[in-house]
Amino acid sequence: MVTGNGGHSRVMHEYDVVIIGGGAAGLSAALVLSRARRTVLVVDAGQPRNAPAAHMHGFLSRDGMVPGDLLTVGQAEVQGYGGEIVQDAVARVGQSEGGFEVELRSGVRVTARRLLVATGLRDELPDVGGLRERWARDVLHCPYCHGYEVHGQQLGVLGDSPGSVRYAQIVRQWSDDVVFFVPTGTLTAEDREQLLARAIGIVEGNVAQVVVKDDRLHGVALDDGTLVRRDALFVPPRFVPNNDILLDLGCDLDENGWVRIDLSGQTTTPAVWAAGNVSNPRAQVITAAGEGSAAAIAINADLVDEDVRDAVRDFGSPGARLSRHASIRHQLAHITKEQHPCRTPPQRSPLDHPPSTSSR
């Protein structure tokens with residue numbers, strides 16, 4: 001068993017599945033696989049993307065829950081079915097005979113028949129003073145996650161990325177007072193018409209910083225000294241997947257730089273799956289959990305296929321056949337006795353006469 005920090009053993013441990021990433025996707029997969037009686041290890045670096053957020057929204061039956069509480073409950077559920085969780089990070093993953101060898105930064109080495117990578121993504125913010133400090137408080141990225149909590153307030157949208165005009169139109173759903181901040185000369189005539197048609201204010205210029213008073217967002221300052229009063233600011237970040245492990249394993253990427261997966265989450269590298277934000281930048285917490293569950297079901301089915309192939313191969317030896325026939329006869333006799341204690345014994349089964357192993 002892999003233990004916590006300070007108590008790691010350096011003996012090689014073997015698992016059916018190693019899950020890299022202990023967020024909603026990784027824990028959901030671990031729960032399904034542990035309940036399927038697979039040996040599972042979750043390697044959790046302890047850096048969840050939504051850690052700065054005070055509450056999690058949009059997760060049915062868990063709306064408003066503290067993000068860390070969801071992980072605590074999930075970890076306990078996984079461990080209740082025998083799944084193992086270690087607070088550590090992966091230093092190296094290599095392919096080996098029959099699977100993968102995973103080395104952790106602590107020095108522990110484990111092997112896995114299958115891998116699930118659920119390492120998420122990181123948000124890269126524009127170079128504007130104060131954005132990072134207010135992130136997930138009153139500087140927000142997802143209106144579906146945070147829009148209701150600021151609905152009806154004075155909202156701003158920072159528009160310096162492709163698609164930000166449409167993003168502003170979506171934010172408009174939560175307030176009648178929305179201002180779109182955009183660099184001078186970047187709006188098309190069609191963009192401008194659409195924004196004005198829905199009464200979205202347009203402020204053109206370079207945003208210098210966000211202004212905070214009494215630990216609350218006060219407004220957005222331009223580099224010419226203009227201050228526009230706002231209560232919250234939506235900023236579409238640049239999503240960067242934490243996919244170094246997938247790249248090292250040779251997984252293909254699509255035209256946008258995200259790992260290619262099928263409907264179950266399987267990558268183009270055999271025996272490797274991905275789930276959550278590492279492969280889907282749009283996945284919210286509930287979506288990531290669902291993707292983890294789907295990947296786990298596919299992984300278990302793939303392992304069953306391998307178990308069948310191994311069993312058939314081993315069954316080919318004469319000794320294995322005789323032993324298996326004896327085991328089946330014993331099971332059938334036991335079942336017959338339990339179900340029909342007063343009936344005459346059934347006719348002899350063909351299994352009572354196993355095939356001869358000698359050649360003719």
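Glu 204 is partly exposed in this predicted model, because its relative accessible area is 32%, and the side chain of Glu 204 meets that of Arg 192 in a salt bridge with a nitrogen-to-oxygen distance of 3.3 Å. Strand β11, which covers residues 201-204, is one of the two edge strands of an open sheet, and that sheet is built from five strands. The points below begin with this pair, then turn to the sheet, and finish with helix α7 and the salt bridges formed by its residues.

**The pair Arg 192 and Glu 204**

- Arg 192 belongs to helix α5 (residues 189-197) while Glu 204 belongs to strand β11, so their salt bridge ties together parts of the chain that are 12 residues apart in sequence.
- Arg 192 has a relative accessible area of 30% and is therefore partly exposed, and Glu 204, with 32%, is likewise partly exposed.
- Side chains of opposite charge can pair when their charged atoms come close.

**The open sheet**

- Following the sheet from one side to the other, the five strands come in the order β8-β15-β9-β10-β11, and their pairing is parallel.
- The edge strands are β8 (139-140) and β11 (201-204), each of which pairs on one side only.
- Strands of a sheet pair through backbone hydrogen bonds, either parallel or antiparallel.
- Within this sheet, strand β9 (residues 155-158) runs parallel to strand β10 (residues 178-182), and four bridges join the two.
- As one detail of the sheet, Val 157 stands opposite Phe 180, which is in β10.
- Helix α4 (residues 164-171) lies across β8, β9, β10 and β15 (232-234), and the helix runs at about 165 degrees to β9.

**A salt bridge between distant parts of the chain**

- In the whole structure, a search finds 21 salt bridges, and one of them joins Arg 113 to Asp 307, whose closest N and O atoms are 2.7 Å apart.
- This pair links distant parts of the chain, since Arg 113 is in strand β6 (residues 109-117) and Asp 307 is in helix α7, 194 residues apart.
- Arg 113 counts as buried because its relative accessibility is 18%, and buried means under 20%.
- Asp 307, by contrast, is partly exposed, with a relative accessible area of 30%.

**The network around Glu 306**

- A network of salt bridges links Asp 16, Arg 38, Arg 113, Arg 114, Asp 302, Glu 306 and Asp 307.
- Glu 306 lies in helix α7, and Glu 306 is buried because its relative accessible area is 18%.
- Once its neighbours within four places in sequence are left aside, Glu 306 is in contact with Arg 113 and Arg 114, two residues that are also members of the network.

**Further along helix α7**

- Arg 313 and Asp 310 meet through their side chains in a salt bridge, with 3.4 Å from N to O.
- Because Arg 313 and Asp 310 are three residues apart in helix α7, about one helical turn separates them.
- Arg 313 is exposed, with a relative accessible area of 57%, whereas Asp 310, at 27% relative accessibility, counts as partly exposed.
- Val 304, Val 308 and Val 312 together make a nonpolar surface patch of about 240 Å².
- Val 308, one of these three, lies in helix α7 (residues 285-315), and it counts as partly exposed because its relative accessibility is 46%.

Notes
Residues numbered from 1 in each chain as written. Predicted model: local features only at pLDDT ≥ 70, side-chain atom pairs only at ≥ 80, totals over all residues. Heavy atoms only, no water. Pairing = 2+ DSSP bridges. Contact = heavy atoms within 4.5 Å. Axes fitted to C-alpha atoms, helices over the stretch in contact; angles between N-to-C directions. Patch = residues over 30% accessible without salt bridge, like charges linked within 9 Å, V, L, I, M, F, W, Y side chains within 5 Å. Areas by Shrake-Rupley, 256 points an atom, 1.4 Å probe, with all protein chains shown as cover. Salt bridge = Lys/Arg side-chain N within 4 Å of Asp/Glu carboxyl O. Buried < 20%, exposed > 50% of the residue type's maximum accessible area, 1.4 Å probe, protein only.
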